[in-house]
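This report is meant for a reader who is meeting the structure for the first time. It begins with one pairing between strands and then moves outward to the chain as a whole and to a few single residues.

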Amino acid sequence: MPARSRAVVLREFRSPFEMESFEVPAPGEMAAIVDVEYAGICGTDVHLQNGRLPIPTPVVLGHEAVGRVAALGAGLTHDARGVPLAPGDAVSWLNNISCGRCRYCLVEQQPTLCVGSRRIYGINQRADAFPHLSGGWADSIYLQPGTVMVKLPDGVRPRDVIPLGCAGPTAVHGVLDEVEIRQGDVVVVQGSGPVGVAAAIYAQLGGAGKVIMVGGPADRLEQARRLGIAAVYIDVTDGSAAQDRAAAVRAETPDGLGADVVIECAGVPSAVAEGIDMCRPGAQYCVLGQYTDHGPTPLNPHLITRKQLRVHGSWGFSARHYITYISSLPRLIARFDLGSMLSEYPLEAADEAVTAVKAGAVMKAVLRPGPPRDVPAPEGVLA
Ligand SMILES: [Zn+2]
Ligand SMILES: [Zn+2]
C-alpha cells in the first residue's frame, strides 16, 4: 500500500485547484484503499468549481472513478454482489452512501431522495477531516464502510467503466427504471453530452426500435454518429426553430403522431417545452438532465393533459442503478466503442482538463492518477 497520495483539492471557488499530498491511512474495519486508475470529470465538477452547488471546502473532487484494491480492512471480504474481493482486483464503487435511516431509504426504497446525511465522494466530504482521501482525483481513495463496491465483471477493464462515468448509472435510472420502454418504441433523446449518449445507449439496450438524438453542435453529433448510438440526428445549433425540430421528429414516427418516449438530457430549461411537443398522445416524458437549477421556463401544461402524458423526474442513482450499469458493461462495450470518447490528462493537469470540459472541447475528459501507465519502460537507457 502506498504511504502517501497526491490529491487535487478545491480550496476556493473560482480558483485553480491545488495539488496536495496526504498520508494514506490503513483501512479501518469494512473500509478499503483503492489505487485510482481513471477518474472522470463531468459537468457537475465545473459547477462545483464555480461554487454553484453548496459544498464544504476544502474538498478532493472526483465523484466517478475506478481503480484497483490496494488494501482491504478487516471484515471486507466480498463486493456488493457477493463476489470475493482481493488486493489487485479492479473495482468501481457507488459514489454516494445514503443514510439508511430516513423515510426514503427505509420505507419508500428511493435512496436517491435520502433526506438524511448522504455522503458523496468527491462532492461533500471535507479534505481536512479523516480520511482526507475522499475523492477520485487522487492516487488513492479511502472507501468508507458502507460503500457499495463492485468488482468489474470478467473482460471489463477499468478503462471501460469511465467513458460514461456518472452519466451511465444516471441514464440507467431514468431510462430503465423510471421510464418503461417497449420493444420497437421510437425514443427521442434531447441532448448529446455524456448523459444523452448514455440515455441513447440504454434506450437501444432496452428495446427501442428507433432512437432519435436531438442535440449539438454538429461535431458532437458526428462523434455520436460514429459510435452508432442513434438512427437519426437532429442538430439544435443549425438555426432551426423548435417547431421545425418537433415536426422533424414526428416525420420519423410511423403514424406521424410523435415519439413514444422522450428523454430530456439537455440541461436547458427550454428543452422541456420542445420535448413535450415531440411526444405522441399517451407518451412518456422524462426530465433527466436538469441536474442544476437553471430557473423556470414557459411551457403549455394543456399539452400534458390533452396528450395524457406520463411525466417522470429522475435524480442521480442508487446502488441498484450502479450495479445494473456495471453489469451491463460487457454487452455495452461489445457494441459501442466508448473508449473513443476519452481524452486523457495526467492528474496534475486537472485545471486544463476542466477548462476543456467547460469549453465543450472534449466528449469525456478523464484524469489518470498514479505513475505513468501503459508506457513501456525504455530499454537500454543509462541512468
Ligand atoms: Zn457527475
Ligand atoms: Zn436516507
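In this predicted model, valine 9 has valine 60, a residue of strand 4, as its bridge partner. Strand 4 covers residues 59–60, and it is joined to strand 1 by 2 bridges, with the two strands running antiparallel. Strand 1 also pairs with strand 2, which covers residues 18–23, and this antiparallel pairing extends over 6 bridges. Within that pairing, serine 5 has phenylalanine 22 of strand 2 as its bridge partner, while arginine 6 is matched with serine 21, also in strand 2. In general, the strands of a sheet pair through backbone hydrogen bonds, and they may do so in the parallel or the antiparallel sense.

Taken together, these pairings belong to an open sheet of 3 strands in the order 2-1-4, with antiparallel pairing. Strand 2 and strand 4 stand at the edges of this sheet and have a single partner strand each, so one side of each is left without a neighbour in the sheet. Strand 1 itself comprises residues 4–10, and because 5 of its 7 residues are buried, this strand is largely enclosed by the rest of the structure.

**The chain as a whole**

The sheet just described is one part of a chain that contains 11 helices and 18 strands. How does the radius of gyration of the chain relate to that of a compact globule with 383 residues? The chain has a radius of gyration of 21 Å, and since a compact globule with 383 residues would have a value near 21 Å, the two agree. The C-alpha trace spans about 70 × 55 × 40 Å along the principal axes of the chain.

Of the 383 residues in the chain, 55% are buried. Among the contacts with a separation of 6 or more, 70% are between residues that are 24 or more positions apart. The chain exposes about 16300 Å², and carbon and sulfur atoms supply 52% of this area. As for charge, there are 33 positive and 39 negative side chains, and the centres of these two sets lie 4 Å apart.

**A buried threonine and a partly exposed arginine**

Threonine 44 belongs to helix 1, which covers residues 43–49. Is this threonine buried or exposed? Its relative accessibility is 12%, and because buried means under 20%, threonine 44 counts as buried. When residues up to four places away in sequence are left aside, threonine 44 touches Leu53, His63, Ile123 and Tyr291.

Arginine 157 is placed in the loop between strand 10 (149–151) and helix 3 (158–161), and at 48% relative accessibility this arginine counts as partly exposed. Arginine 157 and alanine 3 are 154 residues apart along the chain, and their C-alpha atoms are separated by 26 Å.

**Backbone details in the loops**

Two cis peptide bonds can be set side by side, each of them leading into a proline.

| Cis peptide bond | Omega |
|---|---|
| phenylalanine 130 to proline 131 | about 0° |
| glycine 216 to proline 217 | near -5° |

Proline 131 lies in the loop between strand 8 (119–120) and strand 9 (140–143), whereas proline 217 is found in the loop between strand 12 (210–215) and helix 6 (218–227).

The loop between strand 8 and strand 9 also holds histidine 132. This histidine has a positive phi of about 65° although it is not a glycine, and with a relative accessible area of 25% histidine 132 is partly exposed. Glutamine 308, which is not a glycine either, has a positive phi of about 50°. Its place is in the loop between helix 9 (302–306) and strand 16 (310–313), and at 64% relative accessibility glutamine 308 counts as exposed.

Notes: Residues are numbered from 1 along each chain as its sequence is written. Chains are lettered from A and ligands numbered from 1 in the order in which they are written. This is a predicted model: local features need pLDDT of at least 70, side-chain atom pairs count only at pLDDT 80 or more; totals for chains, interfaces and linings use all residues. Side-chain values use heavy atoms; hydrogens and water are left out. Buried means under 20% relative accessible area, exposed over 50%, partly exposed in between (1.4 Å probe, protein chains only). Helices (H or I, at least four residues) and strands (E, at least two) are DSSP runs, numbered from the N terminus. Two strands pair if DSSP finds at least two bridges between them. The radius of gyration is taken over C-alpha atoms; the globule rule is 2.2 Å times the number of residues to the power 0.38. Contact means heavy atoms within 4.5 Å. Accessible areas come from the Shrake-Rupley method with a 1.4 Å probe; for residues, only the protein chains shown count as cover. Lys and Arg count as positive and Asp and Glu as negative; His and the chain ends are not counted. The place of a charge is taken as NZ of Lys, CZ of Arg, CG of Asp or CD of Glu.
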